[in-house]
Amino acid sequence: MRLIFDGHLDLALFALCHNRDQTETVVQINAREAGMTDALERGGATVSLPEMRRAGVAVCQSSISARAKREVQPVTGHRRIDLDYGTQRMAYAWGQGQLAYYRILEQQGEIKLIRTSAELDAHWQGWEQSGGDGGPVGVILSMECADPIVEPSQVEAWWADGLRSVMLAHFGFSHYAAGTGVSGPLTPKGGELLKEFDRIGMILDLTHLSEQSFYEALDRFGGPVIASHNNCRALVPGDRQFSDEQIQRLIERGAVIGAALDAWMLEPDWVHGESSTERVKLATVVDHIDHVCQLAGNASHAAIGTDTGATYHMPSDFRRTEDLRKLEAILVDRGYSDADIDNIFHANWRRFFRRWLPQ
């Protein structure tokens, strides 16, 4: 079985927001959530640790997610997921809670937190030798929105906690940059944060940044960059996707770009609450992978960054993590070689992290 490296998941976020046990199968999770209506994700789980093992997902990046917005109050039952807290101190506490969830999963043998390239190599070799049959899932800790980093000086402490990649913003403005749906530059604190990233060796994930913040961050940061879950604006207009020029800049910096499975990032003219996922297929995900490959002239920068959470916003032929395996046949039909498919499924992410994780 060809192993998979997923560039973006939110395992702790869904566990803590939805009281969802990630050690259960999605069948068990969805049975528990049957009839619940407090969130759109209820009863439609697509990912859990047993499902990842079944699918051959040996390693993923999984997030710590929180935002600090004084004017927004979490309202359970009216929002998809509560992410917003009144201050960065509160966002820090919520982020540390997600970190604690990953730590207990590691202590119980469910996951392996990967902090170094040596740990990545050993973990991957273990999965290869076992034929992908069970064992802990490797997790590289990422952060979706930098607000839980209260001050740039705190980067070192988060690094010691195992954090290895960070997005400066999510939707809207963070304390460091402008994100999806808004426009603007880095804040003064954002510039200071990048200096700390450079000093420590933190990976900068450019996903979700507004164009101005994107280009400014690239110009001011000399370290490694990725786009963990980002699709192509040439195929689906909108600021959540990257333009060809942005993708070219990422390719020039040696970045890897993970294709996301969110239907609204795959279907032009998507209308939230009205459009149906029935017309969105996994083949559309391959359209975005292929576009990155065509821009690069090779298959060395395209990868998978699923961002899977629930069936209501996934392609209609994707219902659980195991369905990622359908991408292989689609890529073969598009003329991709075994080596190319290895790159897209896992090798591009592995090479990147082997290079940029500490030894």
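About 13400 Å² of accessible surface is what the protein shows in this predicted model, and carbon and sulfur atoms hold 49% of that area. On the buried side of the ledger, 60% of the 359 residues make the cut, with buried taken as under 20% relative accessible area.

As for overall dimensions, the C-alpha atoms fit a box of roughly 50 × 50 × 45 Å when taken along the principal axes. The radius of gyration comes out at 19 Å, which agrees with a compact globule, because a chain of 359 residues packed that way would be expected to sit near 21 Å. The contacts tell of links across the sequence: looking at pairs with a separation of 6 or more, 72% of the contacts are between residues 24 or more positions apart.

Charged side chains come next. There are 49 negative ones and 35 positive ones. The centres of these two sets lie 3 Å apart.

Turning to secondary structure, the count is 12 helices and 11 strands. Strand β1 covers residues 4-9 and is mostly covered itself, with six of its six residues buried. Its partner here is strand β2, residues 57-65. The two run parallel, and four bridges join them. One residue pair can be picked out within this pairing: Leu-9, at the end of the 4-9 stretch, has Ser-62 of β2 as its bridge partner. Leu-9 is thus among the six buried residues of β1 and also takes part in bridging to β2.

Terms used
Residues numbered from 1 in each chain as written. Predicted model: local features only at pLDDT ≥ 70, side-chain atom pairs only at ≥ 80, totals over all residues. Heavy atoms only, no water. Buried < 20%, exposed > 50% of the residue type's maximum accessible area, 1.4 Å probe, protein only. Pairing = 2+ DSSP bridges. Rg over C-alpha atoms; globule rule 2.2 N^0.38 Å. Contact = heavy atoms within 4.5 Å. Areas by Shrake-Rupley, 256 points an atom, 1.4 Å probe, with all protein chains shown as cover. Lys, Arg positive; Asp, Glu negative; His and termini not counted. Charge placed at Lys NZ, Arg CZ, Asp CG, Glu CD.
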